[in-house]
Amino acid sequence: MQLKKLLPLSAVATLVPLAAVAQDAAAPGFDEIGPYIMTTLLFLVGGFLVFWMAAGFAMLEAGLVRSKNVTTQLTKNIALFSIASIMYWFVGFNLMYPGDGWTVAGYIGILISPTSLEPVGLGADAAALDYASVASDFFFQLMFCATTASIVSGTLAERIKLWPFLIFVAILTGFIYPIEASWQWGGGWLSEMGFSDFAGSTLVHATGGFAALAGAIVLGPRLGKFGKDGRIHPMPGSNLALATLGTFILWLGWFGFNGGSQLAAGTVGDITDVGRIFANTNMAASAGAVAALILTQLTYGKVDLTMVLNGALAGLVSITAGPLDPTLFGALWIGAIGGVIVVFTVPMLDKMKIDDVVGAIPVHLIAGFWGTLAVPFYTDGTSFITQIIGFAAIGIFVFVVSLVLFFILKGVMGIRVSEEAEIAGLDQSELGMEAYPEFTKG
């Protein structure tokens, strides 16, 4: 997802209403302003579809945590999106897309300033139009930033304090994500090297996964998750209906996530490619779900719904790095491998005593790596070596910075609730309210 250089406001002029085009021969015709209008519309539609993924994450996490922690998870999800919106406006967007003349070796922008939108009622004349409105661009890119933070929330559920988590979210969305994303989508060194990540298998999903992994290591597992005898004690979620609803919402939002990343809709070729991306995205999700469905039956003798849900999500993550170029069969096998990854890596993390409440690390980090690695199978001009280098560079940066931040937060204010609070549930200890007050605690 490589953006064109943003339009300078000095080039912005009055946009002639379409109704007046036929009356004024000097006014730009739709052939001239159409690409600007259609791409802006693509960003807006894609953006609100990706926004709906915030609801998907909230429902998924609410369903996969125990009932005594549901309200806290819902609070975290609405708070993290709101914080991401403010931080990405204040510093993130301009840090991620620095423009010309103010980068340091392509690694990090040095200009930090809030984002400005076009003047009210003004657009650009035909000569100045070469992309889309800044407002729609900012809105669309913000959704990816917020998604990165949503990934972290589920992994650290049921034992992290609310405010340290939200402080981490502010730094992640204001600085960590924009910096690493600028290396690729902001025209930085990974882009120049030839690394390819169409919609964010690495830049969004693996980034969230690496941050979640760092937090899980510093935070430690939930009480009772791992016994002294080495046994792993399952902690079933409170509501699989909500978790399933969340998965379908995420599946829907992913069409905007991947389809909008075409970043253009003004030509027959562009809009046809958007349709191709939709079809491949859906195929990968379906294949991931079916692969997990079959594999859990063969492995455990019964189908595991939570694995099937995460299999669909892993299929989506797997196709996100390259949803345009594969055939439908290509999307099928790429997504299916994502589903297989989930079934094997969820228990692997348990054996490593890394407590990931919702399975976000297998879905977003491990499947994100697979999706990034799969790009050269279908996309010309890419290589496995370059893909591995890009993934490793982003992974090291995000993991190390996140690890340091979590250790600082742990030392300064503490990040984990007390044993008593964890046993009673974070809803009571952190918020003083419950999601299901009529029922017993999970």
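**Exercise 1. Two residues with positive phi**

Leu-263 lies in the loop between α8 (240-259) and α9 (268-300); state what sets its phi angle apart and whether the residue is buried or exposed.

*Solution.* The model is a predicted one, in which local features need pLDDT of at least 70 and side-chain atom pairs count only at pLDDT 80 or more, whereas totals for chains, interfaces and linings use all residues. Residues are numbered from 1 along each chain as its sequence is written, and side-chain values use heavy atoms, with hydrogens and water left out.

Step 1. The phi of Leu-263 is positive, about 65°, although the residue is not a glycine.

Step 2. With a relative accessible area of 6%, Leu-263 is buried (buried means under 20% relative accessible area, exposed over 50%, and partly exposed in between, with a 1.4 Å probe and protein chains only).

Step 3. Lys-353, which is not a glycine either, has a positive phi of about 60° and sits in the loop between α11 (328-351) and α12. Lys-353 is partly exposed, with a relative accessible area of 44%.

**Exercise 2. The chain as a whole**

Describe the protein chain by its helices and strands, its buried share and the sequence separation of its contacts.

*Solution.* Step 1. The protein chain holds 15 helices and 2 strands, where helices (H or I, at least four residues) and strands (E, at least two) are DSSP runs numbered from the N terminus.

Step 2. Of its 442 residues, 57% are buried.

Step 3. Among contacts (heavy atoms within 4.5 Å) with a separation of 6 or more, 79% join residues 24 or more positions apart.

**Exercise 3. Helices α7, α12 and α4**

Set the reach of α7, α12 and α4 against the expected span, and say where α7 and α12 depart from a straight axis.

*Solution.* Step 1. The expected span of a helix is 1.5 Å times one less than its number of residues. Helix α7 (residues 201-219), with 19 residues, reaches 25 Å from its first C-alpha to its last, close to the expected 27 Å. α12 has 15 residues and reaches 20 Å, close to the expected 21 Å, while α4, with 22 residues, reaches 34 Å, close to the expected 32 Å.

Step 2. A kink of about 25° in α7 is centred on Thr-207, and α12 bends by about 30° at Ala-367; the bend at a residue is the angle between axes fitted to the seven residues ending there and the seven starting there.

Step 3. Because 18 of its 19 residues are buried, α7 is largely enclosed by the rest of the structure. The same description holds for α12, with 12 of 15 residues buried, and for α4, with 20 of 22. The buried residues of α12 include Pro-362, His-364 and Trp-370.

Step 4. Gly-220, which follows α7, has a positive phi near 85°.

**Exercise 4. Two buried positions**

Determine the surroundings of Ser-318 and Gly-390.

*Solution.* Step 1. Ser-318 belongs to helix α10 and is buried, with a relative accessible area of 1%. Not counting residues up to four places away in sequence, Ser-318 touches Ser-201, Ile-334, Gly-338, Ala-367, Trp-370 and Gly-371. Its C-alpha lies 7.4 Å from that of Thr-372, although the two are 54 residues apart in sequence.

Step 2. Gly-390 lies in helix α13 (residues 384-412) and is buried, with a relative accessible area of 0%. Leaving aside neighbours within four places in sequence, Gly-390 contacts Leu-190, Met-193 and Phe-195. The C-alpha atoms of Gly-390 and Trp-183 are 9.2 Å apart, across 207 residues of chain.

**Exercise 5. The largest cavity**

How many cavities of 30 Å³ or more does a search of the whole structure find, and what lines the largest cavity?

*Solution.* Step 1. On a 1 Å grid over the protein atoms alone, a cavity is a set of points where a 1.4 Å probe fits but cannot get out, and lining residues have an atom within 4 Å of a point. The search finds 4 cavities of 30 Å³ or more.

Step 2. The largest cavity has a volume of about 70 Å³, a volume being the space filled by probe spheres set on the grid points, which are joined across faces, edges and corners.

Step 3. Its lining has 13 residues, of which Phe-57, Leu-60, Val-358, Ala-360 and His-364 lie nearest the centre of the cavity. At least two lining residues come from each of α2 (30-64), α4 (134-155), α10 (305-320) and α12 (360-374).

Step 4. The lining of the largest cavity divides into 7 nonpolar, 5 polar and 1 charged residues, with Ala, Val, Leu, Ile, Met, Phe, Trp, Tyr, Cys and Pro counted as nonpolar, Asp, Glu, Lys and Arg as charged, and the others, Gly among them, as polar.

Conventions: 1 Å grid on protein atoms, 1.4 Å probe; cavity = no way out; pocket = protein on both sides within 12 Å on 5 of 7 lines; lining within 4 Å.
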